[in-house]
Amino acid sequence: MNTIFRKSMLSVAGLAFAGGVFAGPIAAHANPVDTKPAAVAVQAPKPQGDQSHITLNDEQTTNVKAIIAATKKAGLPERAAVISIATSLQESKLENLGHLGDINDHDSLGLFQQRPSSGWGTPEQITDPAYSTTAFLKGLKQVDGWQDMPLTQAAQTVQVSAYPDAYAQWEQQATDLVTQHWNS
């Protein structure tokens, strides 16, 4: 590192430190700040691109409710349920798929097409909607900024799909399902 650049960086760091040292005691005697959180209107992002929709049967609706229940149990907001449901709509049409035989070149199973060989869990675990949703949500929570990124980017970061943009087409239906079932 060249000497001029290093000295410049050390000067900036020193000013920042000095500003903090001098502002600290002054700030301690300032008027107290109201620490109550302000009410903020949260607006759901507009779905990206053309949207798809399917009519759900009883099994699929039960799986929607299982995803929502697991999301609530994990203490996550409705947005996490929307991302989870949209992901499951893309991966399995909300059907808890077992082994697909020759039409599937991997060992993908369940609502999210998770793979035992990739560490998602045992086949029995992955085909349990509560477990598979919890596993998906665990991955989602590890994505920095998932709450604010486009749904398809959040889902793709967890799923690592060969079709990364495909999740977006389900955002509106997933949002509608969460709105319908979140409080039921």
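# A briefing on an all-helix chain

The chain has 7 helices and 0 strands. Read from the N terminus, its elements run α-α-α-α-α-α-α. Please keep in mind that this is a predicted model. Let's begin with the chain as a whole, then look at one helix, the core and a few single residues.

**The whole chain**

- Of the 184 residues in the chain, 34% are buried.
- The accessible surface comes to about 11500 Å², and carbon and sulfur atoms account for 57% of that surface.
- Take the contacts between residues at least 6 apart in sequence: 58% of them join residues at least 24 apart.

**Helix 2, step by step**

- Helix 2 covers residues 58–73, which is 16 residues. At 1.5 Å a residue it should span 22 Å, and its end C-alpha atoms are 22 Å apart, so the expected span and the model agree.
- The buried residues in helix 2 are Gln 60, Asn 63, Val 64, Ile 67, Ile 68, Ala 70 and Thr 71.
- Looking down the axis of helix 2, you would find its buried residues within an arc of 160 degrees, so they line one face of the helix.
- A rule helps here: an α-helix has 3.6 residues a turn, so residues three or four places apart point the same way.
- What do the buried residues of helix 2 pack against? Their partners are helix 3 (78–92), helix 5 (129–141) and helix 7 (171–181).
- On the face turned away from the buried side, helix 2 carries the exposed residues Asp 58 and Lys 73.
- The N-terminal end of helix 2 is capped by Asn 57, which has a side-chain oxygen 3.0 Å from the backbone nitrogen of Glu 59.
- Just after helix 2 comes Gly 75, with a positive phi of about 75 degrees.

**The largest nonpolar core**

- This core has 31 residues, and those that touch the most other members are Ile 83, Ile 85, Leu 94, Phe 136, Leu 140 and Trp 146.
- At least two residues of this core come from each of helix 2, helix 3, helix 5, helix 6 and helix 7.
- Which helix gives the most to this core? Helix 3 does, with 7 residues.
- In soluble globular proteins, nonpolar side chains tend to be buried together.
- Leu 94 is a good residue to click on: beyond four places in sequence, its contacts include Leu 56, Ile 67, Leu 111 and Leu 177. Polar residues also touch Leu 94, among them Gln 60, Asn 63 and Ser 88.

**Two residues of helix 3**

- Ala 80 is in helix 3. With a relative accessibility of 0%, Ala 80 counts as buried.
- Setting aside neighbours within four places in sequence, Ala 80 is in contact with Thr 71, Leu 137, Leu 140 and Trp 146.
- Ala 80 and Leu 137 are 57 residues apart along the chain, yet 7.4 Å separates their C-alpha atoms.
- Arg 79 also has its place in helix 3. Is Arg 79 buried or exposed? Its relative accessible area is 15%, so it is buried.
- The side chain of Arg 79 makes a polar contact with the side chain of Glu 171, at 2.9 Å.

**A residue of helix 6**

- Gln 156 sits in helix 6 (residues 151–159). Its relative accessible area is 18%, and buried means under 20%, so Gln 156 counts as buried.
- Beyond its neighbours within four places in sequence, Gln 156 is in contact with Ser 161, Pro 164 and Tyr 167.

Technical notes
Residues are numbered from 1 along each chain as its sequence is written. This is a predicted model: local features need pLDDT of at least 70, side-chain atom pairs count only at pLDDT 80 or more; totals for chains, interfaces and linings use all residues. Side-chain values use heavy atoms; hydrogens and water are left out. Helices (H or I, at least four residues) and strands (E, at least two) are DSSP runs, numbered from the N terminus. Buried means under 20% relative accessible area, exposed over 50%, partly exposed in between (1.4 Å probe, protein chains only). Contact means heavy atoms within 4.5 Å. Accessible areas come from the Shrake-Rupley method with a 1.4 Å probe; for residues, only the protein chains shown count as cover. The expected span of a helix is 1.5 Å times one less than its number of residues. The arc is that of the directions from the helix axis to the C-beta atoms. A polar contact is a pair of N or O atoms within 3.5 Å; within protein, one must be able to donate a hydrogen and the other to accept it, and residues adjacent in sequence count only if both atoms are side-chain atoms. A nonpolar core is a set of buried Ala, Val, Leu, Ile, Met, Phe, Trp, Tyr and Cys residues joined through side-chain atoms within 4.5 Å.
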